[in-house]
Structure formats: C-alpha cells, structure tokens
Amino acid sequence: MTTLKLRKLLLTAVAVAGIIISALPDTTSAQNCGCAADQCCSRWGYCGTGDDYCGTGCQEGPCNAPPPTNDVVVADVVTEAFFDGIIGQAAESCEGKGFYSRGTFLEAAGSYPQFGRVGSVDDSKREIAAFFAHVTHETGHFCYINEIDGASKDYCDETNTQYPCSPNKGYYGRGPIQLSWNFNYGPAGESIGFDGLNSPDTVATDPLISFKTALWYWMNFVRPVIDQGFGATIRAINGALECDGGNPATVQARVQYYTEYCSQLGVAPGDNLTC
C-alpha cells in the first residue's frame, strides 16, 4: 500500500510537469534506407552496421536476432489483483478510470511478445515491476491520460525533418508513459498503425493504441538498458530532468513504486536503483 507521503509527492510531481520523453533520433533528416545487402535499416531509417543499426528497432537487412523468450505468462504476473491495486488508488473522478484496463493492457502486450518474457523468471518480474512503477508515477495510478497543462507546452522539434510537426497539433504527454515530442509520435504511429503526427490525440482516445505506445517506447528505448538496473530505466524515460540531481524527489518516488511492486511479485529489486 502506498504511503500518504508518497501519494502527496506523486500528485505534486505530476502537477508540476508530465514526462518529457528524452530519446532523440540520431539525426534530423531521414535517409529512409534502401540499404546495401550487408547493411541494416535502423529504427530511424538509416543504413549501417552494428547494434545501433541492426539492434532494437531494426527494420530490414541482417538485423540481430531477438533474444529467446521464456515461459512466463504476463497475465499470470499482472493479475487482476495487481492491476486493480494500482488503478484502485485513483479517484473515481479520474479520466483514466474508464480508459485504462487490465484487459486492454494484455491485448496490447500481445503485440510485443518479448515484453516481460526475456531472461529468467525473476528478470521478467523485475521488468514488469519496472514498467508499472513508471506508469504509476506518470499517470498517478492510472488517473491521467493527458499531461497536466500539456497543451500549453511546445513539444515540437522543428529541426526534425523526418517527423515534422503538423500545424496546430500538440505532441505533449499522452498515455501510460506519456508519449511526447513529434520525433516519438511519428515513428510510434508508423510502428503501431496510426497517424501519430496528424492525429496525436489518438493516444488519448484509443486505449489499445495508448497502451501500445507505452510498450513501443519501452521496448525500443527502455528495455535495452534494463539489465543496468532500474536507475537506467529512469534515465531512458526522463533523462536529465530527473537524473544526476535533476529531481531527486521524483527519482525516489519511482524507486519506491518499483520496490513495492517487486515485493508484491516476490522478486528482489536488484542493484543500481537510482540515476
């Protein structure tokens, strides 16, 4: 059970600012691939070799084989009691109460078969605990769909010509991990199958797509560093805004959720919890 002190800390943090997804594309204009036979087309549409091109998000070419999955059933870990224990702490007036559901999460997770299913059983539990720790923090126990005051903020990177901003569209935080910026909405839409640049509101109106954007970001940017500890996942999500002394209170809030969920799932949280 979350303490009153932590709840107050969470609400304060969410009210101040939603998440600003910090991963930037390697360049600002796209090659769009068409690579030589011995090169990979990276997630950003560039040709090359090595893990940056042939690893996570590789679109075509001699992409690295994904790691084998284990026998963990995500639904057996994310039980109704586990999920309801999170969303049940949100007030009935919260916009997310009628939007987020365990069933929709599990349906979305079905499109990402490696989520929570790589490594040992304990590794799987830690990954799931980490995912829901960040989701709990970013949404206030699934209370929020949209970033508070997000529409007043400019999340358009005008230097990015691969995923240019559409007029009068806002790329503020939406969904379980508060997808932000045009350079994330664009490729997320391409991968999932919605118009992220012209219809970013889809992330706040379609719960399945909303969960898929969270899992898309997780699998592409967070999961690759999860073996470095929970602290690395904080850095992958909110970077310098929180890490290296940027906002130690929110770091501790995320860590407390993570350790709480690890305890519920019966797994040790591991080392390197902060960033």
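**Entry 1. Burial of R223**

I take buried to mean under 20% relative accessible area. I apply this to R223 in what is a predicted model. R223 has a relative accessibility of 16%, so I enter R223 as buried. I located R223 in the loop that joins helix 9 to helix 10 (230–242). I then looked up which residues R223 touches, leaving out those up to four places away in sequence, and found Q114, V118, E127 and W218.

**Entry 2. Overall layout**

I counted eleven helices and two strands in the protein. Reading from the N terminus, I noted the order of elements as α-β-β-α-α-α-α-α-α-α-α-α-α. The protein has 275 residues, and I found 51% of them buried. I also looked at contacts with a separation of 6 or more: residues 24 or more positions apart account for 66% of these.

**Entry 3. Helix 9**

I next examined helix 9, which covers residues 207–222 and has 16 residues. From its first C-alpha to its last, helix 9 reaches 21 Å, and I noted that this is close to the 22 Å expected at 1.5 Å a residue. Is helix 9 largely enclosed by the rest of the structure, or largely open, was not a matter I left to inspection by eye: 14 of its 16 residues are buried, so I record helix 9 as largely enclosed. At the start of the helix I found a side-chain oxygen of D206 within 3.0 Å of the backbone nitrogen of L208.

**Entry 4. Helix 9 against helix 10**

I looked up how helix 9 and helix 10 are placed relative to one another. Their axes come within 10 Å and cross at roughly 115°. I noted the crossing as right-handed. On the side of helix 9, I listed Y217, W218, F221 and V222; these meet T233, A236 and I237 in helix 10. W218 also appears among the residues touched by R223.

**Entry 5. Helix 6 against helix 11**

I then turned to helix 6 (residues 121–139) and helix 11 (residues 248–265), which pack with their axes 8 Å apart and at an angle of about 135°. That angle makes helix 6 oblique to helix 11. I recorded this crossing, too, as right-handed. From helix 6, I noted that the contact includes K125, R126, I128, A129, A130 and F132, and that A133, H134, T136, H137 and E138 also take part. From helix 11, I listed T250, A253, R254, Y257, Y258, Y261, C262 and L265.

**Entry 6. Helix 11 on its own**

I checked the span of helix 11 against expectation. At 1.5 Å a residue its 18 residues should span 26 Å, and I found the end C-alpha atoms 26 Å apart, which agrees. For burial in helix 11, I entered T250, V251, A253, R254, V255, Y257, Y258, E260, Y261, C262 and L265 as buried. After helix 11 comes G266, for which I noted a positive phi, near 70°.

**Entry 7. The loop between helix 6 and helix 7**

I looked up three residues here. F142 lies in the loop between helix 6 and helix 7. I noted that F142 is not a glycine, yet has a positive phi of about 65°. With 0% relative accessibility, F142 counts as buried.

W181 is found in the loop between helix 6 and helix 7. I recorded a positive phi near 80° for W181, again in a residue other than glycine. W181 has a relative accessible area of 19%, and I enter it as buried.

I placed S166 in the loop between helix 6 and helix 7 (182–192). S166 is buried, at 14% relative accessible area. Setting aside residues up to four places away in sequence, I found S166 touching Y171, L197 and N198.

**Entry 8. A91**

I located A91 in the loop between helix 4 (80–87) and helix 5 (102–109). Its relative accessible area is 42%, and I enter A91 as partly exposed. I also looked up A91 with H141: the two are 50 residues apart along the chain, and their C-alpha atoms are separated by 9.2 Å.

**Entry 9. C35**

I found C35 in the loop between helix 1 (4–16) and strand 1 (40–41). Apart from its neighbours within four places in sequence, C35 is in contact with C40, C41 and C47. I also recorded a separation of 8.0 Å between the C-alpha atoms of C35 and Y46, which are eleven residues apart along the chain.

Key
Residues numbered from 1 in each chain as written. Heavy atoms only, no water. Helix = DSSP H or I, 4+ residues; strand = E, 2+ residues; numbered from the N terminus. Expected span 1.5 Å × (residues − 1). Buried < 20%, exposed > 50% of the residue type's maximum accessible area, 1.4 Å probe, protein only. Polar contact = N/O pair within 3.5 Å; in protein donor to acceptor, adjacent residues only side chain to side chain. Axes fitted to C-alpha atoms, helices over the stretch in contact; angles between N-to-C directions. Parallel < 35°, antiparallel > 145°, perpendicular 65-115°, else oblique. Left-handed = near helix turned anticlockwise from the far one by under 90°. Contact = heavy atoms within 4.5 Å.
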